Amino acid sequence: MNRSDAPDGDERAERLRRDVAAVRRRDPVSGREQLLAAVGVAAMLGGIAVGIVAVSGSHATTNPLTQRDYTIVAIVGLTVSVCGAALFLRYSLARFGRLWLARLLVEQRAQTDRLLDVRPAGPDADAHAEGPPEP
């Protein structure tokens, strides 16, 4: 198969869609991952909001004990925000990794098909597969 016979990008994309549709089944992990990624985004935004409220509350009072309480709340908000970012990144990268792996498998299959198309067939195919004879 030469380069002109190779399927173009649209045909490959359509073939990938057909292959995915053929093995399509409900994946319970996917829904859970979307939920946890959304929880990560909510935790990031909530942590930032808690931090902003705590800092503004800390500046609104002159009582050192209350200021320290607000400082602790701001640190907790920062921690929740960082944990939310980690949660979001983990599940977003998991989805991306699955997509990348599926694409890699399809490309490797296409490469294998191209190699098998160029392989010589016939009675001397085994001789070519083993390599040239040794002197």
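Which residues form a nonpolar patch on the surface? I will start there, with the reminder that everything I describe today comes from a predicted model. The patch is formed by L89, L93, F96, W100, L101 and L105, and together these residues have about 650 Å² of accessible area.

Let me take one member of that patch, L101, which has its place in helix α3, the helix that covers residues 64-118. L101 counts as partly exposed, because its relative accessibility is 42%, and the cut-offs here are under 20% for buried and over 50% for exposed.

Now let me step back to the overall layout. The protein has four helices and zero strands, so that is also what you meet when you read along the sequence, where the pattern is α-α-α-α. Of the 135 residues in the protein, buried ones make up 13%.

Before going further, a word on confidence. The mean pLDDT of the protein is 81, and 76% of its residues reach 70 or more. Confidence is highest in helix α2, residues 28-59, with a mean of 90, and lowest in helix α4, residues 125-130, where the mean is 56. Where pLDDT is low, the predicted coordinates should not be read in detail.

Helix α2 is a good place to look next, and I have picked two of its residues. One of them is L35, which is found in helix α2 and is exposed, because its relative accessible area of 53% lies over the 50% cut-off. Along the chain, L35 and F88 are 53 residues apart, and their C-alpha atoms are separated by 9.8 Å.

The other residue is G46, which also lies in helix α2. With a relative accessible area of 29%, G46 is partly exposed. If we look for a partner for G46, we can take G84, which is 38 residues away in sequence and 9.0 Å away in space, C-alpha to C-alpha.

Finally, let me turn to a pocket. How much space lies in the second largest pocket? The value is about 240 Å³. This pocket is lined by 11 residues, and the closest to its centre are R12, A13, R103, V106 and E107. Helix α1, residues 9-22, and helix α3 each supply at least two residues of the lining, and the largest share, six residues, comes from α3. Helix α3 is thus a place to return to on the screen, since L101 from the nonpolar patch has its place there as well.

Terms used
Residues are numbered from 1 along each chain as its sequence is written. This is a predicted model: local features need pLDDT of at least 70, side-chain atom pairs count only at pLDDT 80 or more; totals for chains, interfaces and linings use all residues. Side-chain values use heavy atoms; hydrogens and water are left out. Patches are made of residues with over 30% relative accessible area and no salt bridge: like charges are joined within 9 Å, nonpolar side chains (Val, Leu, Ile, Met, Phe, Trp, Tyr) within 5 Å. Accessible areas come from the Shrake-Rupley method with a 1.4 Å probe; for residues, only the protein chains shown count as cover. A salt bridge is a side-chain nitrogen of Lys or Arg within 4 Å of a carboxyl oxygen of Asp or Glu. Buried means under 20% relative accessible area, exposed over 50%, partly exposed in between (1.4 Å probe, protein chains only). pLDDT is the predictor's confidence in each residue, from 0 to 100. On a 1 Å grid over the protein atoms alone, a cavity is a set of points where a 1.4 Å probe fits but cannot get out, and a pocket is an open set with protein on both sides within 12 Å along at least five of seven lines; lining residues have an atom within 4 Å of a point. Grid points are joined across faces, edges and corners, and a volume is the space filled by probe spheres set on the points.
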